[in-house]
Amino acid sequence: MARILIVLTSHTKVGSTEKKTGFYFDEMATPYWALVDAGHEITIASIAGGHPEYDPSSVKDNPSERPEPVARFLGDSQAMALLSKTARIDDVSPADFDGIFLAGGHGTMFDFPNSDALATLIGKIFDAGGIIGAVCHGPAGLVSAKRADGRPVVEGLRVNAFTDAEEQAVGLVEAMPFLLESRLRDLGAKFEGTDNFKEHAVRDGQLITGQNPASAALVAGKMLEALVEKEHTATA
């Protein structure tokens, strides 16, 4: 059993617009259940702690239209209790976790890169050989994360995230503080994207990243593979 930290944004508005945002529910719920069902222990944290808000567009008003992991999470009292009292990222110790998953949502673009605590957490978990997963805008948390030698965590590694073309397609380029794909490339990452809104995930060793909401299950699957390999290595 591994101890995995899921991190959510606490930011609720897209730039200077009135558009509400937050974490994208399916990008949290899908990996959550994949990891829980595989027997791993999950802690949920957010930048500010407490009860983070989800992007309203990520939960359909009609329950029958919600993805199964979302409906399951909303109907599970234990899961909802975890979400209602998330740990504040500043209070989390990297020594307590074998891996970390960064859920997306446009809110991450505003608070993930500016959190020194999150950057330090990711860097230390990475240096310790932990598994790092992120999907859609979740990789915004990687842009400030550095290894012990000062190099960006993503430098030289194959990565994926919400692409510049996808940001253009949803009409939010001007509202973003930066373009995620471009920033990752600037940091020396080997960016590997695919067509807009198609499923796509990339694994490079202990780093696993996915392109968009449709890619959450792929990222979760690759995280499970990496965790099994890590366990086998530790017991060999």
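In the predicted model, the axes of helix α1 (residues 25-37) and helix α3 (residues 77-84) come within 13 Å of each other and cross at roughly 125°. An angle over 145° would count as roughly antiparallel, and one from 65 to 115° as roughly perpendicular; α1 is therefore oblique to α3. The crossing of α1 past α3 is right-handed. On the α1 side, the residues in contact are Phe25, Met28, Tyr32 and Trp33, and they meet Ala79, Leu82 and Leu83 of α3. The residues of this contact comprise 7 nonpolar, no polar and no charged.

Aromatic pairs were searched for across the whole structure, and 8 were found. One of them joins Phe23 and Tyr54, whose ring centres are 6.3 Å apart. The planes of these two rings stand at 70°, and since an angle over 60° counts as edge-to-face, the pair is assigned to that class. The pair links distant parts of the chain, with the two positions 31 residues apart in sequence numbering. Phe23 belongs to the loop between β1 (3-8) and α1, whereas Tyr54 belongs to the loop between β2 (41-46) and α2 (68-74). The partners also differ in accessibility: Phe23 has a relative accessible area of 0% and is buried, while Tyr54, at 33%, is partly exposed.

A further edge-to-face pair is formed by Phe25 and Phe73, with ring centres 5.5 Å apart and planes at 80°. Phe25 lies in helix α1 and Phe73 in helix α2, so this pair ties together parts of the chain that are 48 residues apart in sequence. Both Phe25 and Phe73 are buried. Phe25 is also among the α1 residues that meet α3. Ring pairs link Phe23, Phe25, Tyr32, Trp33, Tyr54 and Phe73 into a cluster. Tyr32 and Trp33, like Phe25, take part in the contact of α1 with α3.

Helix α2 also contains Arg72. This residue is partly exposed, with a relative accessible area of 32%. When neighbours within four places in sequence are left aside, Arg72 is in contact with Trp33 and Asp37. Trp33 is thus named in three settings: the contact with α3, the aromatic cluster and the surroundings of Arg72. Between Arg72 and Lys230 the separation is 158 residues in sequence and 29 Å in space, taken from C-alpha to C-alpha.

How values were computed. Residues are numbered from 1 along each chain as its sequence is written. This is a predicted model: local features need pLDDT of at least 70, side-chain atom pairs count only at pLDDT 80 or more; totals for chains, interfaces and linings use all residues. Side-chain values use heavy atoms; hydrogens and water are left out. Axes are lines fitted to C-alpha atoms, for helices over the stretch in contact, and angles run from 0 to 180 degrees between N-to-C directions. Helices (H or I, at least four residues) and strands (E, at least two) are DSSP runs, numbered from the N terminus. Angles under 35 degrees count as roughly parallel, over 145 as roughly antiparallel, 65 to 115 as roughly perpendicular and the rest as oblique. A crossing is left-handed if the near helix is turned anticlockwise from the far one by less than a right angle, and right-handed if clockwise. Contact means heavy atoms within 4.5 Å. Ala, Val, Leu, Ile, Met, Phe, Trp, Tyr, Cys and Pro count as nonpolar, Asp, Glu, Lys and Arg as charged, and the others, Gly among them, as polar. Rings of Phe, Tyr and Trp (its six-membered ring) pair if their centres lie within 6.5 Å; planes under 30 degrees apart count as stacked, over 60 as edge-to-face and the rest as tilted. Buried means under 20% relative accessible area, exposed over 50%, partly exposed in between (1.4 Å probe, protein chains only).
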